[in-house]
Amino acid sequence: MKKVLITGAAGFIGFHLSKKLVADSYQVIGIDNINDYYDPNLKLARLNELNINTSDIKDNEELTGEITFIKLDLKDQEALKGLFEKYKFDYVVNLAAQAGVRYSLINPHSYVDNNITGFLNLLECCRKHPVEHLVFASSSSVYGISEQIPFHEDNSTDHPLAMYAASKKANEMMAHSYAHLYDIPSTGLRFFTVYGPWGRPDMALYIFTKAIIEGNEFQIFNNGEMSRDFTYVDDIVESIKRLIPLKPERDNPKFDIKNPKPSKSKAPYQIFNIGNNSPVALMDFVRALEKALEKKGKSVFKPMQPGDVVSTYANVESLFDYIDFKPQTNLEDGIKEFVKFYLKYHQVNV
């Protein structure tokens, strides 16, 4: 069995990817620091779904269920080194990060500590204990101030609007340098607004659902004049699963050293957008949620927030051609699945 390390395994995407890879006969070792950026009980509940007993979880202690799980922080260099020495991973998928655009305006140091220093520790481990492929999460937020819609991987990403985006841009540059220097095959994925069951409570879908059920007001920014390339989590993890064994090679013949493009390299490195390629107006998203809940919401319109963007829209032709897969889940079905999860997890009726 191929051994894969998933960082952020108790997170939204990490949890779903863990289940997907176990079903596909990988040996999955997952790590997460279970921080309190949002309710840790949700992270523990995801681990319980993987048959991990979290009743007495301790730092750096292995727990066994469908996956092997260790509560471990990427900032802990020695513990991370020990993990690589023990398991000699074939693949690494880095999904661990300090998330959230707006939180980065309040606590920017957390993004340097977790997203940059933590990622550097991971790269060092991949250098000293070579892996077949490092797949790492970037973000659509790296496109920043750009209005070149749809966003293509070769667009400029030199104008991030918040520290979260800047840290993800830094990850791409760091991974490229290690790919060049140490032949670490690396693929960066720019995620576009992932949603679905077990999603994060700080994301719009969770916030809106809670407010509508409880009859509370919820805020719609930029007076509702926004759109997002909402991508269902099952389509995301299917794409990642297909990417894992397809490592980029050195000296990509499509890379022109006299006219270099950001998405490819002479090094074994590549970048893909990973989205639905079908942006949805925010108010249409709200209406689809209201339909699924059979209840009208109390939306309050607000101005644009610092660090936010009006629209995201992924050009994903490169990824579709590479893995021969397109998202299968439409927005209405995806929202229904989230609502089912929310009602069951929170034990509420509408």
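The following exercises, each with a worked solution, concern a predicted model.

**Exercise 1. Aromatic rings**

Determine how many aromatic pairs the structure holds, and classify the pair formed by Tyr87 and Phe89.

Solution.
- Step 1. The count of aromatic pairs in the structure is 26.
- Step 2. For Tyr87 and Phe89, the ring centres are 5.7 Å apart and the planes make an angle of 20 degrees.
- Step 3. Rings pair if their centres lie within 6.5 Å, and planes under 30 degrees apart count as stacked. The pair of Tyr87 and Phe89 is therefore stacked.
- Step 4. As to their surroundings, both Tyr87 and Phe89 are buried.
- Step 5. Elsewhere, ring pairs join Phe15, Trp198, Tyr206, Phe338, Phe341, Tyr342 and Tyr345 into a cluster.

**Exercise 2. Charges over rings**

Identify the ring over which the charged end of Lys43 sits, and do likewise for Arg127.

Solution.
- Step 1. Lys43 places its charged end over the ring of Tyr38, at 4.6 Å from the ring centre.
- Step 2. Arg127 places its charged end over the ring of Tyr182, at 5.0 Å from the ring centre.

**Exercise 3. Helix 1 and helix 8**

Describe how helix 1 and helix 8 pack, and explain why they are called oblique.

Solution.
- Step 1. Two packed helices are described by the angle between their axes and the distance between the axes.
- Step 2. Helix 1 comprises residues 12-23 and helix 8 residues 233-243; the angle is about 60 degrees and the axes are 9 Å apart.
- Step 3. Angles under 35 degrees count as roughly parallel, and those from 65 to 115 as roughly perpendicular. An angle of about 60 degrees falls in neither range, so helix 1 and helix 8 are oblique to each other.
- Step 4. The crossing of helix 1 and helix 8 is right-handed.
- Step 5. On the side of helix 1, the contact involves Phe12, Ile13, His16, Leu17, Lys20 and Leu21. Helix 8 contributes Val233, Asp234, Ile236, Val237, Glu238, Ile240 and Lys241.

**Exercise 4. Helix 3 and helix 5**

State the geometry of the crossing between helix 3 and helix 5, and name the residues that meet.

Solution.
- Step 1. The axes of helix 3 (residues 77-87) and helix 5 (residues 108-128) cross at roughly 35 degrees and come within 10 Å.
- Step 2. Helix 3 passes helix 5 in a right-handed crossing.
- Step 3. From helix 3, the residues Gln77, Leu80, Lys81 and Phe84 take part. Their partners in helix 5 are Asn121, Leu122, Cys125, Cys126 and Lys128.

**Exercise 5. Three loop residues**

Decide for Asp154, Pro303 and Thr54 whether each is buried, partly exposed or exposed, and describe the setting of each residue.

Solution.
- Step 1. Buried means under 20% relative accessible area and exposed means over 50%, with partly exposed in between.
- Step 2. Asp154, in the loop between strand 6 (133-139) and helix 6 (163-182), has 26% relative accessibility and so counts as partly exposed. Beyond its neighbours within four places in sequence, Asp154 contacts Lys261, Pro262 and Ser263.
- Step 3. Pro303, in the loop between strand 14 (298-301) and helix 10 (317-323), has 56% relative accessibility and so counts as exposed. With neighbours within four places in sequence set aside, Pro303 is in contact with Phe221 and Asn222. The C-alpha atoms of Pro303 and Ile220 are 8.3 Å apart, although 83 residues separate them in sequence.
- Step 4. Thr54, in the loop between helix 2 (40-49) and strand 3 (62-64), has 12% relative accessibility and so counts as buried. Not counting residues up to four places away in sequence, Thr54 touches Leu44, Leu47 and Asn48.

Conventions. Residues are numbered from 1 along each chain as its sequence is written. This is a predicted model: local features need pLDDT of at least 70, side-chain atom pairs count only at pLDDT 80 or more; totals for chains, interfaces and linings use all residues. Side-chain values use heavy atoms; hydrogens and water are left out. Rings of Phe, Tyr and Trp (its six-membered ring) pair if their centres lie within 6.5 Å; planes under 30 degrees apart count as stacked, over 60 as edge-to-face and the rest as tilted. Buried means under 20% relative accessible area, exposed over 50%, partly exposed in between (1.4 Å probe, protein chains only). A charge sits over a ring if NZ of Lys or CZ of Arg is within 6 Å of the ring centre and within 35 degrees of the ring normal. Axes are lines fitted to C-alpha atoms, for helices over the stretch in contact, and angles run from 0 to 180 degrees between N-to-C directions. Helices (H or I, at least four residues) and strands (E, at least two) are DSSP runs, numbered from the N terminus. Angles under 35 degrees count as roughly parallel, over 145 as roughly antiparallel, 65 to 115 as roughly perpendicular and the rest as oblique. A crossing is left-handed if the near helix is turned anticlockwise from the far one by less than a right angle, and right-handed if clockwise. Contact means heavy atoms within 4.5 Å.
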